[in-house]
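Biologist: Please take a close look at one helix in this model and at the charged side chains that can be discussed along with it. I would like the cut-offs behind each term as you go.

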Amino acid sequence: MIKLTIDGKKVTADAEATILEVAREEGIEIPTLCYHEALTPIGACRLCVVEVTEGGRTRTMAACVAPVSEGMEVVTNSEKIQNIRRTIVQLLLARCPELEVIKELADKLGVKDTPFKPESEDCFLCGICVRACDEIVGVNAIGFTNRGVRNEVLPPFAEASNVCIGCGTCTTVCPARTFDLERVTKSESMHTFAKEYRRDYCSICGTHYMIPESYLSE
């Protein structure tokens with residue numbers, strides 16, 4: 001166990017923990033978009049950025065991938081950090097102006113509009129669906145394609161995946177709730193394991209999933 005300070009509060013933490021994990025254990029809120037407890041953190045969205053002082057040197061770090069260390073001093077909500085997060089949210093608001101999760105973040109940070117050119121995307125490229133398909137399901141049916149402003153999540157070569165098992169994990173973990181299985185299967189149904197599966201929706205949460213046709217008649 002090691003000792004560190006977060007927002008002036010002295011805490012004790014496991015040496016292998018990250019700043020984000022320790023902060024959440026202490027009830028300190030740090031916003032995230034690309035983080036999921038069941039997946040390996042990658043620090044892509046940078047919303048969890050914090051100020052870290054070690055050995056007299058202060059720098060900004062992504063809390064979800066930054067390990068804690070003895071004597072570390074962390075500031076999670078300074079004006080500098082708030083300004084960084086506001087800029088990130090302005091970029092996200094320009095890309096996905098209609099997504100509720102982005103609107104909620106903007107509201108929390110006091111972001112009313114964005115100086116950047118507006119678009120109309122429904123995916124902010126957090127990569128959670130891609131990592132879930134790889135790390136949890138283990139089939140790699142989807143991934144990032146193209147580069148820069150043309151980057152998007154699709155099956156290889158943007159063709160119907162021949163390895164997708166229709167589990168719906170990608171749609172379940174999507175923080176925007178906009179990822180659709182049809183992007184992967186390219187159809188309303190699929191054949192795998194010698195069975196016919198049809199895309200359906202949960203009547204409670206609206207999540208998409210594939211269900212064997214035989215189940216529908218039972």
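Modeller: The answer starts with the helix, follows its contact to the charged pairs, and ends with a surface patch and two loop positions.

This is a predicted model, in which local features need pLDDT of at least 70 and side-chain atom pairs count only at pLDDT 80 or more, while totals for chains, interfaces and linings use all residues. Residues are numbered from 1 along each chain as its sequence is written, and side-chain values use heavy atoms, with hydrogens and water left out.

The part to look at is helix H3, residues 100–109, where Ile102, Leu105, Ala106 and Leu109 are buried. These four lie on the same side of H3, because they cover an arc of only 100° around the axis (the arc is that of the directions from the helix axis to the C-beta atoms). On the other side of H3, Asp107 and Lys108 are exposed. Here buried means under 20% relative accessible area, exposed means over 50%, and partly exposed lies in between, with a 1.4 Å probe and protein chains only; the areas come from the Shrake-Rupley method, and for residues only the protein chains shown count as cover. Helices (H or I, at least four residues) and strands (E, at least two) are DSSP runs, numbered from the N terminus.

The exposed side also carries a contact to another part of the chain. Glutamate 29 forms a salt bridge with lysine 108, with 3.6 Å between the closest N and O atoms. This pair links distant parts of the chain, since glutamate 29 sits in the loop between H1 and E3 and lysine 108 in helix H3, 79 residues apart. Both glutamate 29 and lysine 108 are exposed. A salt bridge is counted when a side-chain nitrogen of Lys or Arg is within 4 Å of a carboxyl oxygen of Asp or Glu. Side chains of opposite charge can pair when their charged atoms come close.

A search of the whole structure finds 6 salt bridges. In one of them, the side chains of lysine 9 and glutamate 26 meet at 2.8 Å, N to O. That pair also links distant parts of the chain, with lysine 9 in strand E2 (residues 9–13) and glutamate 26 in the loop between H1 and E3, 17 residues apart. Lysine 9 is partly exposed at 38% relative accessibility, and glutamate 26 is partly exposed at 27%. Another salt bridge joins the side chains of arginine 59 and glutamate 54 (3.7 Å, N to O). Glu98, Glu100 and Lys103 are joined into one network by salt bridges that share partners.

Charge also gathers without such pairing: Asp14, Glu16, Glu21, Glu25 and Glu37 form a patch of negative charge on the surface. Patches are made of residues with over 30% relative accessible area and no salt bridge, with like charges joined within 9 Å and nonpolar side chains (Val, Leu, Ile, Met, Phe, Trp, Tyr) within 5 Å. Lys and Arg count as positive and Asp and Glu as negative, while His and the chain ends are not counted; the place of a charge is NZ of Lys, CZ of Arg, CG of Asp or CD of Glu. Glutamate 37 lies in the loop between helix H1 (19–25) and strand E3 (49–54) and is exposed, with a relative accessible area of 67%.

Returning to H3, aspartate 113 is found in the loop between H3 and helix H4 (128–137), and counts as exposed at 53% relative accessibility. Cysteine 64, in the loop between strand E4 (57–62) and strand E5 (73–75), counts as buried at 2%.

Terms used: Areas by Shrake-Rupley, 256 points an atom, 1.4 Å probe, with all protein chains shown as cover.
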